[in-house]
Amino acid sequence: MDSESKRSLHIAMFPWLAHGHITPFLELSKFLSLHGHAISFLSTTTNIARLIHAHPELPSSIRLVSLPMPLVANLPSSAESTSDLDIDSVPCLKKAYDLLKPALTRFLSGGRVDCVIHDFASHWLPRAATRLGVCSVFFSTINATSLAFLGPPSELIGGRCHKPEDLTCVPEWIPYESTACFRLHEVLRHRRCMDEEISDFCRFGHVIDGCDFVIVRSCREFESEPLSLLLEIYKKPVIPIGLLTPAIRVDEGDDDEKWKALKSWLDAKREKSVFYIALGTEVILSNELTNELAAGIEKSGLPFVWAVRKLSVPAGFEERVSGRGFVWAGWAPQTRVLAHEAIGGFLTHCGWNSTIEALSCGQPLVLFSGGSADQGLMARFLQEKRVGFEVPRDEVDGSFTGEVVAESIRRVMVEREGEPIRANAWAMKEVFGDMELQKKYLEEFAGILEK
């Protein structure tokens, strides 16, 4: 774009209160700030403090704005993110998020904001932005396949989502072959985190219906048909902004003793011989299912790294797998682990962030849906794409056995029948790991904003 048509904008960013949403919003903020735009990144006080701690290098063109967290009954005063809560308390967080409306509206009205880029949860924001003459952009951190499954705003606001079974089949508006739908246990689990007064479906519907246009964390090379469908059913611009693939800094964390120990352990392993297990920031398994998962990991007979955050491994497990397994407690440097040449597969909860990180490194996936948000849809979609294999589970209660976990791991990692999965996942590096390709998508989006 020539310099005469480009203008500097003040852009407000307002993500949902979850790590998997805040992170891509921040990555997009960094890019837009490099284009000469002033960014106001708004979230609650604790989330802003966490960002300051985790990203001390942020440029001055990104202003972090703290909004006091509203008080809501049954919401702990220290909880300002989904990772601070169990799933049954998340509806309280959504009520508190809705109470941020007055503070955010005041900011938009007094801050000379040109554009607000927002998330699915702020169903009230597009209408408020329109009244203030501010451009409203819905940034979907879930991919186009998941959005296509959810359907047009009319369906989301008053359509088919009346009972759980309605979401366990591919909807009629999908014109291409697809297996992406929920299992019953996933629908029932996600219902626990929805606000009874306004469902997540209604939130999506009102945001899509009211915004000026939609941007999606996706690319045509991976999701051409779903992106085309969204244009038809939304009847407004839908712009893929690329995958926001995180850059891997090879020197990052070299002074961290914990990472040094893991890197040394991995350096001693054969190439692509180790599988990595991580279930994201919010997945919590019962003791029974944790035991089955651990049994499957152990029965696979393969070396592994298991990042454990919200669950504890069974008694005696670490002793039995000593030398073959490495258990990492707490937050793991996931992008660095996945990029290590010893890693040859990833047992994942199927979050889009983790999927992007894995496929940018060409890692085949053992698909173990976390059971909430878009994770079930992702598991089916990624198996359909033949970049992973889903662990078989009971469709009603989500139960599984250690035996099927072990079989799934071995299929993806070493068995002959897993060769196409390994080849397809490796080929995905050409898309997910192509930083120039992803930058082109961001440049296109920046050009549209600047016009």
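Trainee: At roughly what angle do the axes of helix 1 and helix 20 cross?
Mentor: This is a predicted model. In it, helix 1 covers residues 19-34 and helix 20 covers residues 435-450. Their axes come within 11 Å. They cross at roughly 65 degrees.

Trainee: How does helix 1 stand to helix 20, roughly parallel or roughly perpendicular?
Mentor: The crossing angle is roughly 65 degrees. Angles of 65 to 115 degrees fall in one class. Because of this, helix 1 and helix 20 count as roughly perpendicular.

Trainee: Is that crossing left-handed or right-handed?
Mentor: The contact involves Leu28, Phe31 and Leu32 on the helix 1 side. On the helix 20 side, it involves Lys439, Leu442, Glu443, Phe445, Ala446 and Leu449. The way helix 1 passes helix 20 is right-handed.

Trainee: Is Phe31 buried or exposed?
Mentor: Phe31 sits in helix 1. Its relative accessible area is 11%. The limit for the buried class is under 20%, so Phe31 is buried.

Trainee: Which residues does Phe31 touch, not counting those up to four places away in sequence?
Mentor: One partner comes from far along the chain: Lys439 is 408 residues from Phe31 in sequence. In space, their C-alpha atoms are 9.0 Å apart. The full list is Lys439, Leu442, Glu443 and Ala446.

Trainee: Which strands stand at the edges of the seven-strand sheet?
Mentor: That open sheet has the order 3-2-1-4-5-6-7, with parallel pairing. Its edge strands each have a single partner, so one side of each is left without a neighbour in the sheet. On average, neighbouring strands are turned by 25 degrees against each other, direction ignored. The edge strands are strand 3 (62-67) and strand 7 (238-240).

Trainee: Which residue in strand 4 stands opposite Ala12?
Mentor: Strand 1 (residues 10-14) and strand 4 (residues 115-118) run parallel. Four bridges join them. Opposite Ala12 stands Val116.

Trainee: Which strands does helix 4 touch as it packs on the sheet?
Mentor: Helix 4 spans residues 101-110. Its direction makes about 170 degrees with that of strand 1. It touches strand 1, strand 2, strand 3 and strand 4.

Trainee: And which strands does helix 10 touch?
Mentor: Helix 10 (residues 220-234) packs on the sheet too. Its direction makes about 165 degrees with that of strand 7. Its contacts are with strand 6 and strand 7.

Trainee: How many of the nine residues of helix 3 are buried?
Mentor: Helix 3 runs over residues 90-98 and is mostly covered. Its cover includes strand 1, helix 4 and helix 9. Among the buried residues are Val90, Leu93 and Tyr97. The count is eight.

Trainee: Which strands stand at the edges of the six-strand sheet?
Mentor: This open sheet has the order 10-9-8-11-12-13, and the pairing is parallel. The twist averages 20 degrees from one strand to the next. Each edge strand has a single partner, so one side of each lacks a neighbour in the sheet. They are strand 10 (325-329) and strand 13 (388-390).

Trainee: What is the bridge partner of Val308 in strand 10?
Mentor: Strand 9 (residues 304-308) runs parallel to strand 10. Five bridges join them. The partner of Val308 is Ala329.

Trainee: At about what angle to strand 13 does helix 16 run?
Mentor: Helix 16 covers residues 375-384. It lies across strand 12 and strand 13. Its angle to strand 13 is about 130 degrees.

Trainee: Are helix 12 and helix 17 oblique or parallel to each other?
Mentor: Their axes come within 7 Å and cross at roughly 45 degrees. The crossing is right-handed. The contact includes Leu293 and Ile297 of helix 12 and Val405 and Ile409 of helix 17. The two helices are therefore oblique.

Trainee: Which residues is Ser273 in contact with, leaving aside neighbours within four places in sequence?
Mentor: Ser273 is in the loop between helix 11 and strand 8. Its relative accessibility is 8%, so it counts as buried. Its contacts are Pro303, Ala342 and Met413.

Trainee: How many disulfides does the count come to?
Mentor: A disulfide needs two cysteine sulfur atoms within 2.5 Å. The cysteine sulfur closest to that of Cys181 is in Cys169, 6.8 Å away, so it is too far for a bond. The count is zero.

Terms used
Residues numbered from 1 in each chain as written. Predicted model: local features only at pLDDT ≥ 70, side-chain atom pairs only at ≥ 80, totals over all residues. Heavy atoms only, no water. Pairing = 2+ DSSP bridges. Axes fitted to C-alpha atoms, helices over the stretch in contact; angles between N-to-C directions. Contact = heavy atoms within 4.5 Å. Parallel < 35°, antiparallel > 145°, perpendicular 65-115°, else oblique. Left-handed = near helix turned anticlockwise from the far one by under 90°. Buried < 20%, exposed > 50% of the residue type's maximum accessible area, 1.4 Å probe, protein only.
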